Amino acid sequence: MGRSKQIGNHKSDKKKNISKTWKTKRRTKDLDQIHTDMKPETAAKLLHQEVDYDVTGCAQHYCLHCARYFVDMKSLKEHFKTKVHKKRLKQLREEPYTQAEAERAAGMGSYIAPKTIEVKTQQIEEDMD
């Protein structure tokens, strides 16, 4: 009989939760969180952030619908033309799921179809230097 091939598993915490690590590595905001970000007062704060050197592009070029930061204005404009951005706009057209809708689906009321919301790509303010 030979030795077990598994060696040194007692100290490695990284190996234990590797599936959870991979599942949450590229986690983005959910659609209902983006809907709350799209409200005018929150959107104004997100689009006009202070300079933050820890974030890509110093937090100056932000796509509100995809919740992503970009390096410069050119890459942000190119992102607006991509399939990923257009798919996200299509997903955001549907009204977010609410507790009232969950109760109606469980039989506590009559079903009302979710409303569609008109979502357009954000306006870009270009600085002339």
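## Exercises on a pocket and a buried aspartate

The largest pocket has a volume of about 380 Å³, a volume being the space filled by probe spheres set on grid points joined across faces, edges and corners. This is a predicted model, in which local features need pLDDT of at least 70 and side-chain atom pairs count only at pLDDT 80 or more, while totals for chains, interfaces and linings use all residues. Residues are numbered from 1 along each chain as its sequence is written, and side-chain values use heavy atoms, without hydrogens and water.

**Exercise 1.** Describe the lining of the largest pocket.

*Solution.* A pocket is an open set of points on a 1 Å grid over the protein atoms alone, where a 1.4 Å probe fits, with protein on both sides within 12 Å along at least five of seven lines, and lining residues have an atom within 4 Å of a point. There are 14 such residues, with Leu-47, His-48, Gln-60, Met-73 and Glu-125 nearest the centre. Sorting the lining by type then gives 5 nonpolar, 6 polar and 3 charged residues, where Asp, Glu, Lys and Arg count as charged, Ala, Val, Leu, Ile, Met, Phe, Trp, Tyr, Cys and Pro as nonpolar, and the others as polar.

**Exercise 2.** Place Asp-37 and decide whether it is buried or exposed.

*Solution.* Begin with helix 3 (residues 31–37), which contains Asp-37; helices are DSSP runs (H or I) of at least four residues. Next, Asp-37 counts as buried because its relative accessibility is 10%, the limit being under 20% with a 1.4 Å probe and protein chains only. Finally, heavy atoms within 4.5 Å define contact, and beyond four places in sequence Asp-37 is in contact with residues including Thr-42, Leu-46 and Tyr-62.

Methods. Helix = DSSP H or I, 4+ residues; strand = E, 2+ residues; numbered from the N terminus. Buried < 20%, exposed > 50% of the residue type's maximum accessible area, 1.4 Å probe, protein only.
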